[in-house]
Amino acid sequence: MLKNFVFLLPFLSRLFHVVMAGGERLTNGGFSPEMNPFTPKASLVRYWNKQIQHQSPGSAFLLSKASPLTAVASATFAKLASENALPDRLPDFCSAANLFCFPDLGPTLEKHSNDVKFSVYDQRNFTNYGGTIHPGGADSFKKYSQNGNVVTDSFRRYSRDAAGHEDKFTGYADNSNVVEENFNSYGTSATGGSGDFKNYQSGVNNPTSRFKAYSDDGNGRAQTFKTYTHEANAGPGQSFTSYGKNGNGAPNEFSSYGVSSNVIGSDFSNYGENSNAANDTFKGYGGDGNVPRNNFKSYGASGNAAVDTFLNYRDKANVGDDSFASYAKNSNFEKVDFVNYGKSINPGSESFTGYGKGAEGNKIGFKTYTQNSTFKDYAKTGVEFAKYNQSRLGGGKTVNKWVEPGKFFRESLLKESSLIWMPDIKDKMPKRSFLPRNIVSKLPFSTSKIAEIKRVFHAKDNSTMAGIITDAVTECERSPTIGETKRCVGSAEDMIDFATSVLGRNVVLRTTESVAGSKQKVMIGKVKGINGGRVTKSVSCHQSLYPYLLYYCHSVPKVRIYESDLLDPKSKAKINHGIAICHMDTSAWGANHGAFMSLGSRPGQIEVCHWIFENDMNWAIAD
């Protein structure tokens, strides 16, 4: 039998070769013919050759996404998946298969009675850190967890019962990809001192912070959040539960919080409840953001002599949604000022329910708020409404500067020698690989099986990973738009099947060559219209955030596909080769789509073009 296998090796090795356009030959992603022919990557090569009639330069790109598992590891994990036993080997599975997983942080009982400076550090559990009754001094987290891929830290009972102790978080988790921070019982019963969060989680792709029982029963301890989640992108955001409850004279300042961020949410639940003389300031909160969402529930309820100020709150943001439920309810002599509140480019909505109800001696002022504000079951005395904003600030034509320049453009710009602004096309997702079909087919993937998926990937309830899983699966099960055909794929073989089911087997896979030219002006070089520049159909595949590499693939009718050299405007040297898709029918798009905000039109009136970003792909019928 061994002799027969050896005899077959030369034949099997020939299956590795993929013939490229122009006669070039490429082995399996750099594999030599002597490599094991039973790996997931080797299997993908054979599948490509079987299903695709036209050999494509994009074949090597797709192969680079294939699972790195060995033949033995693939068989082992497939068996574990079939037996529902993968959770027991998750760290090994994530490492071997190149997946995106949060580490399981084990608790630590380390105590540090001295002042400490942390730098270039992450994946830690700070439990009982600082000890109890920590007098004076300071702990500094400077440039902590910066530029990381997956950052998760836990601060539990940190600075509890401290006296006059200062904590400084400066440049914390900046420019990292997916960040999850948990502050549980942080600064509880502390006296004096301060917590300073400055340049915290700025530029993060998927930020999450949870502050639970934060500064409860504190006395005169100040907290400052400055430049917090600045220019962050699409995350669950921040959760403040039982923040400052029963506190005394504690000032909290949120300055430049969530500014220029995209779809970030914050939840304030039981914030400042039963506190005395609290002083909270929200200044420049959610400004220039895109669809910010904030929920204030039982905020300042039963408090005494508190002062809350919302200044330039959600100023120049796009849409947005705020909910104030039972705000300052049953409080005593509370003063609240909303100044320049909700002056959005496109107005969102604000809901005030049970606002100031049952309060005594309260003074609440609204200055310049929006036409979409609703006040239900609120206090009839002590509330002042002034400068109610009746006009639509956007006027229907204001371009939201949050929509990145160059993200959408008109087809007329795809002409040689045209100058065009290139958006940031860099892939900001965690680096992951596809799973082999024999594994992904055995894993649960539906909204009815969310609990099973969370068990597989060790995602606790209300965790960042739980949210990521739920969002991805829900989007995959969303009904297609008019004329759209879609499918989410977790294996390269599934992607090939979907593309060929829509376009046939004579297809070409393309992607933009690199990220060169991003966030700068480029010159359009030689342009080629795919399929002769005719209106055609194609399949585009975009990444979704998920533990393994998951693509949302869809086909929409009436598009034109172009490929173009991109040149340096000064030297005219080629710096990139881009793939662009132009949607010729936008009549089914929403009126608030970023394309119309950027280009200043309405659905169905113009075509809209965009580039294929790094690691996204486009399939088209071969010329």
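## The chain as a whole

A residue counts as buried here when its relative accessible area is under 20%. By that yardstick, 53% of the 623 residues in the protein chain are buried. Keep in mind that this is a predicted model.

The protein chain holds 10 helices and 32 strands. Its accessible surface comes to about 26,400 Å², and carbon and sulfur atoms own 51% of that. Now take the contacts between residues at least 6 apart in sequence: 75% of them join residues at least 24 apart.

## H2 meets H9

Helix H2 covers residues 40-51 and helix H9 covers residues 492-503; they pack at an angle of about 10°, with axes 10 Å apart. Angles under 35 degrees count as roughly parallel, and H2 and H9 are therefore roughly parallel to each other. On the H2 side, the residues in contact are Ser 43, Leu 44, Tyr 47, Trp 48 and Gln 51. Across from them, H9 brings in Ala 492, Glu 493, Ile 496, Asp 497 and Thr 500. Sort the residues of this contact by type and you get five nonpolar, three polar and two charged.

An α-helix has 3.6 residues a turn, so residues three or four places apart point the same way. That's handy to have in mind when you look along the H2 contact residues, among them Leu 44, Tyr 47 and Gln 51. Those three also turn up in the list of buried H2 residues, together with Pro 40, Lys 41, Ala 42, Val 45 and Trp 48. As for length, the 12 residues of H2 should span 16 Å at 1.5 Å a residue, and the end C-alpha atoms are indeed 16 Å apart.

## Helix H8

H8 runs over residues 464-476, which makes 13 residues. From first C-alpha to last, H8 reaches 18 Å, close to the 18 Å expected at 1.5 Å a residue. Its buried residues are Thr 464, Met 465, Ala 466, Ile 468, Ile 469, Ala 472, Val 473 and Cys 476.

## Two positive phi values

Most residues other than glycine have a negative phi. His 458 goes the other way, with a positive phi near 55°. You'll find His 458 in the loop between helix H7 (450-456) and H8. His 458 is partly exposed, at a relative accessible area of 32%.

Asn 615 has a positive phi too, near 70°. This residue sits in the loop between strand S31 (608-611) and strand S32 (617-621). Asn 615 is buried, because its relative accessible area is 12%.

Terms used
Residues numbered from 1 in each chain as written. Predicted model: local features only at pLDDT ≥ 70, side-chain atom pairs only at ≥ 80, totals over all residues. Heavy atoms only, no water. Axes fitted to C-alpha atoms, helices over the stretch in contact; angles between N-to-C directions. Helix = DSSP H or I, 4+ residues; strand = E, 2+ residues; numbered from the N terminus. Parallel < 35°, antiparallel > 145°, perpendicular 65-115°, else oblique. Contact = heavy atoms within 4.5 Å. Nonpolar A, V, L, I, M, F, W, Y, C, P; charged D, E, K, R; others polar. Expected span 1.5 Å × (residues − 1). Buried < 20%, exposed > 50% of the residue type's maximum accessible area, 1.4 Å probe, protein only. Areas by Shrake-Rupley, 256 points an atom, 1.4 Å probe, with all protein chains shown as cover.
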